[in-house]
Amino acid sequence: MKELADCLDILIMTPFYLGYIWAACRFCRRFLGRSHMKGLPFLFFFFGGWLFLSIADRYSPVFLGAAEHALFTGLVLLFFEEIWEKKILAAAVLMLTGSLVETFSGSLISCIVLTFKHTVRKIPVPLIDGWESSLIGCAGLCLAIFAINWTAGRFSTVFWGKPGKWYAVLAVPLLAVIVMHDAALWGASNGVMVRSGGGMSLYHDQIFSHVGFGVLAALSMAAAGFYVFGMNRIYLEQEKNSRYHSQIAVYKMLAEEYRQTEGLRHDMKNHVIALSALFQDREWDKLGEYLKNMEGIALAACGDVTGNKAVDALLYRKRKRAEEENIRWECDVQIPKGDPVNAFDLCVLFGNILDNALEACGRMQSSQSRFIHIRAKAVKKCFLIEVKNSMDRTEKQGEGFTGQEDTWEYGVGLRNVEDVVQSYNGAAHMDAENGVFTISILIPFADAAYDTKTVV
């Protein structure tokens, strides 16, 4: 009869555990790339391993929690892409979320069941039966599935654009919590309880033990959440500051380039005379060297085309990169006179947006359909910037675009864009559809300055 009851317990748990594995597989595919054969090997081996360990535990008790976690980590490392540090962190997040939610919910439901039996059914020393334990386990798995799906929607920035060492450092404390949690559960499954002390009955000891484990699980979840998101926030702030200072350096470099450009334009007549003399004397080596020295400041040929010299220089650099990568470039930028947005902030806006656009085009396998379209002009009493670029149709929203209210969540560069937009009380919107990514920014003017220059 015991063997039959054990088989029924496993049978009851099976559909819920399959749902748990499916949720874990979706989480890994979202942040670690596609597994081989669309995750089927992962599902098959994980379920098969859990079934084997569950049956083995019925006949010869094993350290079940630790064994399941070791199996899960090994399969994540084996079947998913990305660097191994990132896979370790994903496995740690999933194991910690599932285990702590199951423990918390199981402790809470067990307290309710024991209290009901003791107070309503008047059982002096109530116990959790085998089938009740299975149902509690099923409820815990349901809540764990919900928790994993909820967590996946909030971990986009954690799994985006970090070095491998950062993922490894973040995973170590989570793994330590998992080990301690498994050890505590192993002790509980072998009759070790957190006792209330004094002359309390077994009923009170059970309640006290479940409450203790529930509180421990809740505190562990809170600590892990504060740690992960706190570390992520610190990293993003450091990256934002680093990128901000880099942009200051680039802006100074652009200003220096334009200083040289003004000198070139002023001395252009003399340069033409010198080049003509070298050409007439057929001094080709000197002519080539002279032209090479002028090449670095050839931007003067572009002239003052947008109404802002710094933006001219930045657009010139981005256009040259687009041409080198065979990206079709269309630009119609009209910067209003009167500086409604200062030059540095304009460079932050255009620089970060165009960097993301160039990167998105670079990830595309086909170069024939790659494009970047830029439009900026005054619209009534606002300054409108709109950039459209092609993107890989296979990219999911979580891999570069959230599609949620927090549209700045996926990139350090766009966090800097957000800061600029907010500083001018502006608004921004992003959209990704049919292989086209669009970002639109609207910044209100302090006054109506509409005299503009245009480049196409």
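Which helix gives the most residues to the lining of the second largest cavity? The structure is a predicted model, in which local features need pLDDT of at least 70, side-chain atom pairs count only at pLDDT 80 or more, and totals for chains, interfaces and linings use all residues. Residues are numbered from 1 along each chain as its sequence is written, and side-chain values use heavy atoms, with hydrogens and water left out.

A search of the whole structure finds 2 cavities of 30 Å³ or more (a cavity being a set of points on a 1 Å grid over the protein atoms alone where a 1.4 Å probe fits but cannot get out, with lining residues having an atom within 4 Å of a point). The volume of the second largest is about 30 Å³, taken as the space filled by probe spheres set on the points. Its lining consists of Thr 103, His 181, Ala 184, Phe 213, Leu 216 and Ala 217. At least two of these residues come from each of α6 (164-189) and α7 (202-266) (helices being DSSP runs of H or I, at least four residues, numbered from the N terminus). The helix that gives the most is α7, with 3 residues. By class, the lining has 4 nonpolar and 2 polar residues, and no charged ones.

On the surface, Ile 12, Phe 16, Trp 131 and Leu 135 form a nonpolar patch with about 380 Å² of accessible area together (patch residues have over 30% relative accessible area and no salt bridge, with nonpolar side chains joined within 5 Å; areas come from the Shrake-Rupley method with a 1.4 Å probe). Helices α1 (2-32) and α5 (130-152) each supply at least two residues of the patch. Leu 135, found in α5, counts as partly exposed because its relative accessibility is 44%, between the limits of 20% for buried and 50% for exposed.

Methods: Patches are made of residues with over 30% relative accessible area and no salt bridge: like charges are joined within 9 Å, nonpolar side chains (Val, Leu, Ile, Met, Phe, Trp, Tyr) within 5 Å. A salt bridge is a side-chain nitrogen of Lys or Arg within 4 Å of a carboxyl oxygen of Asp or Glu. Buried means under 20% relative accessible area, exposed over 50%, partly exposed in between (1.4 Å probe, protein chains only). On a 1 Å grid over the protein atoms alone, a cavity is a set of points where a 1.4 Å probe fits but cannot get out, and a pocket is an open set with protein on both sides within 12 Å along at least five of seven lines; lining residues have an atom within 4 Å of a point. Ala, Val, Leu, Ile, Met, Phe, Trp, Tyr, Cys and Pro count as nonpolar, Asp, Glu, Lys and Arg as charged, and the others, Gly among them, as polar.
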